[in-house]
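Colleague: I've got this model open on my screen and would love a close look at one part of it. Could you talk me through it without assuming I do this every day?

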Amino acid sequence: MTLFLEALIGGLLAGTMYSLVAIGFVLIFKASGVFNYAQGAMLLFSALTLVSLNEFGFPFWAALVMTIIITVIGAILIERIVLRPLANRNVMTLFMATLGLAYVIEGMAQGIMGAEIRGFDVGIEDLPIFWGDILISQFDLVAAAVAITMVAILALFFNKTRIGISLRAVADDTAAAQTLGININRIWQIVWAVAALTGLVAGMAWGARQGISFTLSLVVLKALPVLIIGGFTSIGGAIVAGLIVGASEALAETYIGVHIGGGIVTWVAYFVAIGFLFYRPSGLFGDIEIERV
Amino acid sequence: MSAEEKIISSEILSVEGIEVIYDESILGVSDISLKVLKGEIVAILGANGAGKSTTMKAISGIAVTERARVSKGDIKFKGNSVLNIAPHKLAHKNIVHVLEGRRVFEHLTVEENLKSGTFLHRPTRAQMNSEIDQIYHWFPRLKDKRKTLAGLTSGGEQQMLAIGRALLTKPELVLLDEPSMGLAPILMQEIFSIISQLNKENDVSFLVAEQNIHLSLRHAHRAYLIESGKVALSGTAKELSAREDLHQIYLGVEEVL
Ligand SMILES: Nc1ncnc2c1ncn2[C@@H]1O[C@H](COP(=O)(O)OP(=O)(O)O)[C@@H](O)[C@H]1O
Ligand SMILES: [Mg+2]
């Protein structure tokens, strides 16, 4: 039982990070219908910027502020240069544009900041703590707290601020939003910036755990099963699905992985996702169309 | 001021021989001219596919988002051309378009929908609440549903919400596309009465697209009947109501389609 709880709790904590990565995708998809393949590259770029500035001699907080500014400017430029000229085009064109964008960002990151793996020391020691008999990684706990805080901030932003309500309005009906004077280009810039900042937080959490290298941009592949399970348009779905994936990975590793040798974590998420595809093709909370009365 | 100048200065909207083309190939309307004077309710009547919505989308600039453009003619709002102006900027110029089919923000509550209409002029929180209360005064049903997701309200409520939300932008001209579509007769009446009342009390001009000729002519000052992308007939509501061939013309259109 202890073993089970330990795996479950560790998995759920790690799952919050999957949620965070997936939320970055959901934000952009909801607002503009674009599956942003470059989300992973953006995440890598911002995490890499942070460590590079830090290595360069800036203290952590200064480096973080600078990274936030660079990330926001980058997101605004992407909207202006790549997406705005493609407005009103079909979904596939937009997807291809983000695919190209991913390689441009990765190439740029590599050119400017180098390709080697960087350690990323956030100053938290990964000392295990005990909760009764159950061992919990302190690091996972901090990362989960950061993820939960980020989600809470996003929830407040979307429900309580004028920009947040405008964002949701645009997500529901772009044309109707425009008739009310909402500038959708500005909204898309804000969405890209918020998604990029969510990516930065996720990148920091992941980077601190496994170092920052180019494999970080492959979190796209981790996010995909989370998105399939949670639905592409639901932030709540992304959160729950991230937890499901985190927990299934940890439990599969503990109970099945030991029998068939490692490697199970690379595919168990997809296995679960395919199960969900049969059971609920639009995802847990994926756009269940509200019937018009 | 001469009499002629007076008419021109009270002219709020002037559509001058526009042709609208979708996707560079499909003809939306071929030749539409119409005017709306300050304080008027003007109806655009016509069968399905006649070009009512296309005309309105050209005026509000929403046409661009459906890959359509005005290829001939001009549209003037208070004397200045508004062609090629982004739709959100037209809202700032006090033109608001209530799109066909009750396009409320389904996943926002009724009150959030109304709030989204006020953002345009950056009200304080207190101003925003009092403006929204004003809408609740016009449409009391909305107040009861304020916390309900808009997508879960009835068709009539959604139409009221779409109109109320548009009014919160403080427009001088409202483009209203088929407000009575799919509503029970009693609700149609209710909506048109409110439009008349708003027009009288707040001096808002309305351009209303409708298939329901009788109801529209009862509330409009003037009307244009359009038939496959062209104005077939126009006049005051009184003149048009008196014409016996109105229905033939209108129905004739339907047969052609
Ligand atoms: N989004 C669109 N793409 C292509 N053609 C369109 C589009 N919307 C309308 N049309 C065409 O424009 C013409 C006028 O349609 P519309 O303005 O919607 O008529 P109404 O509003 O009077 O029913 C029709 O022939 C219609 O097929
Ligand atoms: Mg129409």
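How many helices and strands are there in chain B? And once we have that, please take me round the chain and its metal site.

Modeller: Happy to. First, the ground rules: this is a predicted model, where local features need pLDDT of at least 70, side-chain atom pairs count only at pLDDT 80 or more, and totals for chains, interfaces and linings use all residues. Residues are numbered from 1 along each chain as its sequence is written, chains are lettered from A and ligands numbered from 1 in the order in which they are written, and side-chain values use heavy atoms, with hydrogens and water left out.

Now your count. Chain B has 11 helices and 10 strands (DSSP runs numbered from the N terminus: H or I of at least four residues for a helix, E of at least two for a strand). For its 257 residues the globule rule gives 18 Å, and the radius of gyration of chain B is close to that at 18 Å, so chain B is as compact as a globular protein of that length. That radius is taken over C-alpha atoms, and the rule is 2.2 Å times the number of residues to the power 0.38. Laid along the principal axes, the C-alpha atoms of chain B take up a box of roughly 45 × 45 × 40 Å. Of the 257 residues, 56% are buried (under 20% relative accessible area; exposed is over 50% and partly exposed lies in between, with a 1.4 Å probe and protein chains only). The fold also ties together stretches far apart in sequence: take the contacts (heavy atoms within 4.5 Å) between residues of chain B at least 6 apart, and 70% of them join residues at least 24 apart.

On to the metal. The magnesium ion, ligand 2, is held by the OG of Ser53(B) and the OE of Glu100(B), at 2.0 to 2.2 Å. These two come from distant parts of the chain, 47 residues apart: Ser53(B) belongs to helix 2 (residues 52-60) of chain B, while Glu100(B) sits in the loop between strand 6 (95-98) and helix 4 (110-118) of chain B. Ser53(B) has 16% relative accessibility, so it counts as buried, whereas Glu100(B), with a relative accessible area of 31%, is partly exposed. Don't read too much into there being a pair: donors here are N, O and S atoms within 2.8 Å of the metal (3.2 Å for Na, K and Ca), and water is not among the atoms, so sites may look incomplete.

The loop that carries Glu100(B) also holds Arg102(B), again between strand 6 and helix 4 of chain B. Its backbone is worth a click: phi of Arg102(B) is near 50°, a positive value in a residue that isn't glycine. For background, most residues other than glycine have a negative phi. Arg102(B) is buried too, at 16% relative accessibility.

Follow that loop into helix 4 of chain B and you are well inside. Eight of its nine residues are buried, so helix 4 is largely enclosed by the rest of the structure. The buried ones are Val110(B), Glu111(B), Glu112(B), Asn113(B), Leu114(B), Ser116(B), Gly117(B) and Thr118(B). Both chains supply the cover: it includes helix 5 (138-160) and helix 6 (162-172) of chain A, along with helix 5 (125-138), helix 6 (140-144) and helix 7 (155-167) of chain B.

One more stop, at a different loop. Ser228(B) lies between strand 9 and strand 10 of chain B, and its phi is near 30°, another positive value in a non-glycine residue. Gly229(B) is in that loop between strand 9 (222-227) and strand 10 (230-236), and at 3% relative accessibility it counts as buried. What does Gly229(B) touch, leaving aside its neighbours within four places in sequence? It is in contact with Gly28(B), Val29(B), Ser30(B), Asp31(B), Ile32(B) and Ala50(B). Take Ser30(B): the two residues are 199 apart along the chain, yet their C-alpha atoms are separated by 5.1 Å.

As for the partner that lends those two covering helices, chain A contains 11 helices and two strands. Buried residues account for 51% of its 293 residues.
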